[in-house]
Amino acid sequence: AAAVGALMLEADPGLSPAEIYAVLENTAIDMDDPFTLGFDVGFDNASGFGLIQADAAVGAVVDDILPGLSIDDVSVIEGDSGTTQAVFTVSLNDFSNQTVTVDYTTNDDTALAGEDYTAQSGTLTFAGGDTTKEIAIEIFGDTDLESDETFFVDLSNATNADLNDNQGIGTILNDDRQPGGDDVGETPGVGCPVDEETPGNG
């Protein structure tokens, strides 16, 4: 029992002793019930006898461990006109035999929906075996002089998965600058040495 318990803890370090005992009890084969034909699933509380099934006990723990969902951060150059896309990737950290779903929605930070990007919300569905999905957010180009701006894509209401990282940060990189702002020029006739000849010399 101790060895099987150790394997269960390796699969899920957060298990308590009571949870380990419950799984061992529920997956054991009853060895002492003379009034029932064949083996019964479960521990015989009356006699205290049961055959521990290591594969069933560990399998029960593994089946209860959910994969984790996360979303990345994205930076995109704004552009002067038209639109471009900020593409966020939502990832599962492990394969799942179950269908996984998660809701998403955009939220303002310094970037404003309708002015800097298109607000968007929806639900992503991961079929069995899928590990990545993408969310494409439309970014508006302009020629306004401004700082870099940010917005969020938030995940919520996950089914058959845990939310490991539920917020992606979108950064809109400003590519506009004031004309000549980076150039250091000289004003003609100011600070420039002038060679002059003195009449009658040379």
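In this predicted model, isoleucine 135 has a busy set of contacts once its neighbours within four places in sequence are left aside: Ile71, Ala86, Val87, Phe88, Val90, Tyr104, Gln120, Leu124 and Val153. Isoleucine 135 also turns up, with Phe88 and Phe151, among the residues that have the most contacts inside the largest nonpolar core, a set of 23 residues. Strand 4, strand 5 (74–77), strand 6, strand 7, strand 8, strand 9 and strand 10 each put at least two residues into this core. The top contributor is strand 6, with four residues. As a general backdrop, nonpolar side chains tend to be buried together in soluble globular proteins.

Two of those well-connected core residues, Phe88 and Phe151, also come up when the aromatic rings are considered. The structure holds two aromatic pairs. In one of them, the ring centres of phenylalanine 88 and phenylalanine 151 sit 6.0 Å apart with the planes at 75°, so this pair is edge-to-face. Phenylalanine 88 belongs to strand 6 (residues 83–92) and phenylalanine 151 to strand 10 (residues 149–159), so the pair ties together parts that are 63 residues apart in sequence. Both phenylalanine 88 and phenylalanine 151 are buried.

The other pair brings in a tyrosine. Here the rings of tyrosine 117 and phenylalanine 151 have their centres 4.4 Å apart and their planes at 15°, so they are stacked. This pair, too, links distant parts of the chain: tyrosine 117 is in the loop between strand 7 (100–108) and strand 8 (121–126), while phenylalanine 151 is in strand 10, 34 residues apart. Tyrosine 117 counts as buried because its relative accessibility is 1%, and for phenylalanine 151 the value is 0%, so that residue counts as buried as well. Taken together, Phe88, Tyr117 and Phe151 make up one aromatic cluster.

Turning to the strands, four of them form an open sheet with mixed pairing, in the order 9-6-4-11. The edges are taken by strand 9 (132–140) and strand 11 (162–165); each has a single partner strand, so one side of each is left without a neighbour in the sheet. Neighbouring strands of this sheet are turned against each other by 25° on average, direction ignored. Within the sheet, strand 4 (residues 68–71) and strand 6 run antiparallel and are joined by three bridges. Isoleucine 71 faces valine 90 of strand 6 across this pairing, and both Ile71 and Val90 are among the contacts of isoleucine 135.

Strand 7 pairs with strand 8 and with strand 10. It runs antiparallel to strand 8, with six bridges between the two, and threonine 101 has threonine 125 of strand 8 as its bridge partner. With strand 10, strand 7 pairs over seven bridges, again in the antiparallel sense. Tyrosine 104 stands opposite leucine 155 of strand 10, and Tyr104 is another of the residues in contact with isoleucine 135.

Strand 10 also carries a backbone oddity. Asparagine 157, found in this strand, has a phi near 55°, a positive value in a residue other than glycine. Its side of the accessibility scale is clear: at 54% relative accessibility, asparagine 157 counts as exposed. A second asparagine with positive phi, asparagine 160, has a value near 60°. Asparagine 160 is located in the loop between strand 10 and strand 11. With a relative accessible area of 30%, asparagine 160 is partly exposed.

On the charged side, the structure holds one salt bridge. The partners are lysine 133 and aspartate 130, whose closest N and O atoms are 3.5 Å apart. Lysine 133 is partly exposed, at a relative accessible area of 26%, and aspartate 130 is partly exposed too, at 27%.

Terms used:
Residues numbered from 1 in each chain as written. Predicted model: local features only at pLDDT ≥ 70, side-chain atom pairs only at ≥ 80, totals over all residues. Heavy atoms only, no water. Phe/Tyr/Trp six-rings, centres within 6.5 Å; stacked < 30°, edge-to-face > 60°. Buried < 20%, exposed > 50% of the residue type's maximum accessible area, 1.4 Å probe, protein only. Pairing = 2+ DSSP bridges. Axes fitted to C-alpha atoms, helices over the stretch in contact; angles between N-to-C directions. Core = buried A, V, L, I, M, F, W, Y, C linked by side-chain atoms within 4.5 Å. Contact = heavy atoms within 4.5 Å. Salt bridge = Lys/Arg side-chain N within 4 Å of Asp/Glu carboxyl O.
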